[in-house]
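The following paragraphs lead the reader through a single protein model, moving from one residue to the whole chain and then to charged pairs and surface patches. Please keep the sequence and the coordinates in view while reading.

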Amino acid sequence: MPTERKPRRPMSLALRITTFVGLTMTAMFVLFTVQILYSIEDHFTEQDLGELEAVSSSIRKAIGNSATLEDERILDGRLARAVAGHHGVYFSVRDSRGVAHYGTAPADLVDAAATTPSTDRLTEPSLRQWSTHYGTYRGVVLQIQDARVLVALGIDFHLRYLARLQQVLWGGTVVVCLLSVLAAWLAARWGHAPMRRLSNQVRGITSEQLHLRLDPAEVPSELTYLVTSFNLMLDRLQSSFERLSHFSVDIAHELRTPVTNLTTQMQVALSRPRAIGAYQEVLYSNLEELDRMSKMIGDMLYLAQAEHPTAEADKADVDLAAEVRELFEYFEALAEELEVPLELHGQAPAVLGDRLMLRRLFSNLISNGLRYVPRGQPLTVRLARVDQNVRVTVENAGPEIPAEHLPKLFDRFYRADPSRQRRGEGAGLGLAIVKSIVDAHGGTVTVRSDNGRTRFTVTLPMAQGHRLSSGQQVPLQTT
C-alpha cells in the first residue's frame, strides 16, 4: 500500500523576501555591469574609428593617383608626412600586383590581414580585429584606387584596461549582491518582529483569558486588519464559551428539578407500605416528570441539529402559506378549546429551505402565542414579500414582555417575567430552536411587544425564479 506523501511545507516569508530581493538585485547589477562594459568598449571603438579615419584620409590624399605608386621615393615621402603625429598607428600599402610600398605595419600583422577582404569605405561594421603573437590590433583593409591599404591600431592597452575594469565590476557586483541579500534578510527579520510579538501575545491567550484583546494601534498598518479579525474571532469564541457555560449550568438546573421530584416522590412512596392506588398516583406523577425530561432532551437534540445548516441538496422550495394552514389544522383542537381564532393574511413567494425545520419553526411560534393570547382574541400570521425576502409575522394580544427581556428571549432556557402566566409548561428551548432554524436558513428573527400585542417577525430569503405562493388574502379563521 503506497504511503501518503506529506504536503510540502511552504517557503518561509523571510526566505521568500530574501530570495526575491537577492535575485532582483543580482539581475540589476549584472545588467548594469554588462551595460558599462559594452558602453566603454563602444567608446574605445568609436575613438579608434576616428583615429583610423584621420590616418586613412591622409593616406588617400598621399596616394593621389595610380601614377604616384610608380615613384616610390615620392610616395614614401608623402606617406611619411601623412602619418606624422599619429602614434600607435600601423599601415601598409601594396599595389595591385601585391608589391609592398612604404609601410610601418609589422610582418605578423600584414600576414594576419592578408586574407581579409578590402572595402571602399571605412565604417564601424567594416572594422576587423587581428590577434598575433606580438599584440592585438583593430583596423581595416581599404581599396584606394589600385592600392590595397592596411590601416590598424594596437589595442592592447584598451584590452588590459577593459580586463581590469571587468574584474573590478564583477567583483563589486558579487560583493554588492551579497550585501543586498544580507540587508534583505535583516530587513525581513526586522519587519517580521511585530508578527513574532503578536504571535507571543496570541500564544498567551487561553480559554480562561478570552477577555484579552490585541491592540491594533500597537502593530503596523499592514497587520491592523489581521488583529481586528482576530479580535472579532475572540469575541465569537468568548460568546460561544459563555453560552456553553451558561447552557451547562442551565441544563443542570433544569434537570435537577425533575430528578429531585422523582427522587423525593420515590423516597416518600417507599418510606412505608401504601395502597395500590397511592403507588399508581406516584407512578403517574413520575411519568409526567419523565415526559417533561424526555421533551427537554428531544428539544436539546433538535437544537443541536438546527445549529448546523442543512446541505443545499436537502433543501427544497417551501410554500409557507400551505405550511401555516396545515399547522392551523394541527392546532385547531387546542385553539377551539382556548376560543382563539387562527387567522392567515397575505401571500408570499416560496422560500428555499428544509420543510420539516421550517414547520418546526412556525409550530413553536404558534404554540408560544397560544400560551399567552387571551380568550376570544385572534392569533394572526401575516405573509409578505419584502425585496428579495419573505417576511412572516406571528402576532397575538396578551401581556407585554418587558423591554429588558426582549434581547434574551431567544437564549436557551430563558423565561421572561413570571407574571406572564403560561398555559403549558416548557423547558425554555422553543424560541432558541426558532433562532437556530432561522440562522441555518440565512434569515433573521425579531420580537416586539407593545400596545398590548406581541409580534415575532421572521425574514427568510426568497427562492429564486418562483411564482407567488397561493397564500390567503382574507382571514382564515378557526373558531
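Thr173 counts as buried, since its relative accessibility is 7% and the limit for burial is under 20%. The model in which this value was computed is a predicted one. Thr173 belongs to helix H5. Once neighbours within four places in sequence are set aside, Thr173 is in contact with Phe29, Val30 and Thr33.

Helix H5, which covers residues 156–191, also holds Val175. With a relative accessible area of 46%, Val175 is partly exposed. Val175 joins Leu179, Leu182, Trp185 and Leu186 in a nonpolar patch on the surface, and together these residues have about 480 Å² of accessible area. Helix H5 therefore carries both Thr173, buried at 7% relative accessibility, and Val175, partly exposed at 46%.

The protein as a whole may be considered next. Its secondary structure comes to twelve helices and twelve strands. The protein has 479 residues, of which 38% count as buried. Of the contacts between residues at least 6 apart in sequence, 67% join residues at least 24 apart. The exposed area of the protein is about 28,800 Å², and 56% of that area is supplied by carbon and sulfur atoms.

Charged side chains form the next topic. Side chains of opposite charge can pair when their charged atoms come close. How many salt bridges does the count give? The count comes to twelve salt bridges. One of them pairs Arg138 with Asp48, whose closest N and O atoms are 2.4 Å apart. Because Arg138 lies in strand S4 (residues 136–144) and Asp48 in helix H1, this pair ties together parts that are 90 residues apart in sequence. Both partners are buried: Arg138 has 8% relative accessibility, and Asp48 has a relative accessible area of 5%.

A salt bridge also links Glu323 and Arg355, with 2.8 Å between the closest N and O atoms. Here the two elements are helices, Glu323 lying in helix H9 (residues 320–330) and Arg355 in helix H11 (residues 355–372), so the pair ties together parts that are 32 residues apart in sequence. Glu323 is buried, at a relative accessible area of 7%, whereas Arg355 counts as partly exposed, at 38% relative accessibility.

Between strands, the side chains of Glu395 and Arg382 meet in a salt bridge of 3.6 Å, N to O. Glu395 lies in strand S10 (residues 389–397) and Arg382 in strand S9 (residues 379–386), so the parts tied together are 13 residues apart in sequence. Glu395 is buried, with a relative accessible area of 8%, while Arg382 counts as partly exposed, at 39% relative accessibility. Both residues belong to a network of salt bridges that links Arg382, Glu395, Arg448, Asp450, Arg453 and Arg455.

The last feature is a patch of negative charge. On the surface, Glu41, Asp42, Glu46 and Glu124 gather in such a patch. Glu46 is placed in helix H1, which spans residues 13–63. Is Glu46 buried or exposed? At 51% relative accessibility, Glu46 counts as exposed, because the limit for that class is over 50%. Helix H1 thus holds the exposed Glu46 as well as Asp48, the buried partner of Arg138.

Methods:
Residues numbered from 1 in each chain as written. Predicted model: local features only at pLDDT ≥ 70, side-chain atom pairs only at ≥ 80, totals over all residues. Heavy atoms only, no water. Patch = residues over 30% accessible without salt bridge, like charges linked within 9 Å, V, L, I, M, F, W, Y side chains within 5 Å. Areas by Shrake-Rupley, 256 points an atom, 1.4 Å probe, with all protein chains shown as cover. Salt bridge = Lys/Arg side-chain N within 4 Å of Asp/Glu carboxyl O. Lys, Arg positive; Asp, Glu negative; His and termini not counted. Charge placed at Lys NZ, Arg CZ, Asp CG, Glu CD. Helix = DSSP H or I, 4+ residues; strand = E, 2+ residues; numbered from the N terminus. Buried < 20%, exposed > 50% of the residue type's maximum accessible area, 1.4 Å probe, protein only. Contact = heavy atoms within 4.5 Å.
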